[in-house]
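Please open the model in your viewer and keep a selection tool at hand. The tour below suggests what to select at each stop and says what is found there.

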Amino acid sequence: MKKNEIINLKITDISSDGNGVGKHEGMAVFVPETCIGDIIEAKIVKVLKSYAYGIISKLLSPSPYRIQSNCPVFPKCGGCSLRHISYDCELKVKDNIVKSCFKRIGKLEPEFEDILGCEETEGYRNKAQYPVADSGGQAVCGFYAKRSHRIIPYIPCGLLPEEFHKITEFIIDYINKNNIKGYNEICLLYTSPSPRDSTSS
């Protein structure tokens, strides 16, 4: 397998970070935004010793667990990774992740109880962190895009309660009205003054 190669791949699992997993010639291939049961053409973007990373080149046969995300910024936003699969499938994925931690990593064989799903699958999160940055003289907040510190501007998130939206909009409005600058990641190199720059008495 080599970089930029196009391969056919069936996704058989999902990793703890939300990437679909398939096997090609005995090597695991991780592909984001895929679902268990997807059959895809994958373009290989990185090859390591025992596994590789790919991206979807073409969805040949969608999984029955695949759904249309109702979030307008998925998958650009890094806040979620499983918005494209059904809730039943999501529960199975999370159940397998927990069991794998015990069995594969911990070498333990406890008796597992059935996973309990939520009655509400929207608006249930009770914690969120919003980075704030300057964008053209206006403060914006939201979530970081995947693998970056580029902010996807905030819109009401379906996984958060209505109170979060009101608080966030109030704070951003207050910041902009009072000309408070958002965080700037550009770091200035501090140079210590040389001895000749110092004055002695």
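What follows is a walk through a predicted model, stop by stop.

**The strand at the start**

Begin by selecting Asn-8, which is found in strand β1, residues 6-10. If you set aside the neighbours within four places in sequence, Asn-8 is in contact with His-24, Ile-40, Glu-41 and Leu-60. Add Leu-60 to the selection and draw a distance between the C-alpha atoms: Asn-8 and Leu-60 are 52 residues apart in sequence, and the distance in space is 8.8 Å.

**The loop between β6 and α1**

Next, select Pro-75, which is found in the loop between β6 (51-61) and α1. Include Phe-74 as well, and look at the peptide bond that runs from Phe-74 to Pro-75, which is cis with an omega near 5°. As background to this stop, most peptide bonds are trans.

Ser-86 lies in the loop between β6 and α1 too. Is Ser-86 buried or exposed? Its relative accessible area is 18%, and because buried means under 20%, Ser-86 counts as buried. Not counting residues up to four places away in sequence, Ser-86 touches Tyr-65 and Ile-67, so selecting those two shows its contacts.

**Helix α1**

Now select residues 87-105, which make up helix α1. With 19 residues at 1.5 Å a residue, α1 should span 27 Å, and its end C-alpha atoms are 26 Å apart, which agrees. Centre the view on Lys-99, where α1 bends by about 30°. Then colour Cys-89, Glu-90, Leu-91, Val-93 and Asp-95, which are buried residues in α1, and show β2 (13-14), against which the buried residues of α1 pack.

**Two residues with positive phi**

Which residue with a positive phi follows α1? Select Lys-107, which has a positive phi of about 55° although it is not a glycine. Lys-107 lies in the loop between α1 and β7 (132-135), and its relative accessibility of 65% means that it counts as exposed. For background, most residues other than glycine have a negative phi.

Move on to Arg-147, which is found in the loop between β8 (138-144) and β9 (151-153). Arg-147 is not a glycine either, yet has a positive phi of about 55°, and with a relative accessible area of 77% Arg-147 is exposed.

**The loop before α2**

Select Pro-161, whose place is in the loop between β9 and α2 (162-177). Pro-161 counts as buried, at 18% relative accessibility. Leaving aside neighbours within four places in sequence, Pro-161 is in contact with Gly-123 and Arg-125. For a distance to draw here, take the C-alpha atoms of Pro-161 and Cys-141, which are 20 residues apart in sequence and 17 Å apart in space.

**The largest pocket**

For the last stop, which residues lie nearest the centre of the largest pocket? Select Leu-82, Arg-83, Glu-90, Tyr-124 and Leu-159, which hold that place among the 26 residues lining the pocket. Glu-90 is already familiar from α1, where it is buried. About 480 Å³ of space lies in this pocket, and if you colour its lining by residue class, the residues divide into 10 nonpolar, 9 polar and 7 charged.

Note on methods:
Residues numbered from 1 in each chain as written. Predicted model: local features only at pLDDT ≥ 70, side-chain atom pairs only at ≥ 80, totals over all residues. Heavy atoms only, no water. 1 Å grid on protein atoms, 1.4 Å probe; cavity = no way out; pocket = protein on both sides within 12 Å on 5 of 7 lines; lining within 4 Å. Points joined across faces, edges and corners; volume = space filled by probe spheres on them. Nonpolar A, V, L, I, M, F, W, Y, C, P; charged D, E, K, R; others polar. Helix = DSSP H or I, 4+ residues; strand = E, 2+ residues; numbered from the N terminus. Expected span 1.5 Å × (residues − 1). Bend = angle between axes of the 7 residues up to and from the residue. Buried < 20%, exposed > 50% of the residue type's maximum accessible area, 1.4 Å probe, protein only. Contact = heavy atoms within 4.5 Å.
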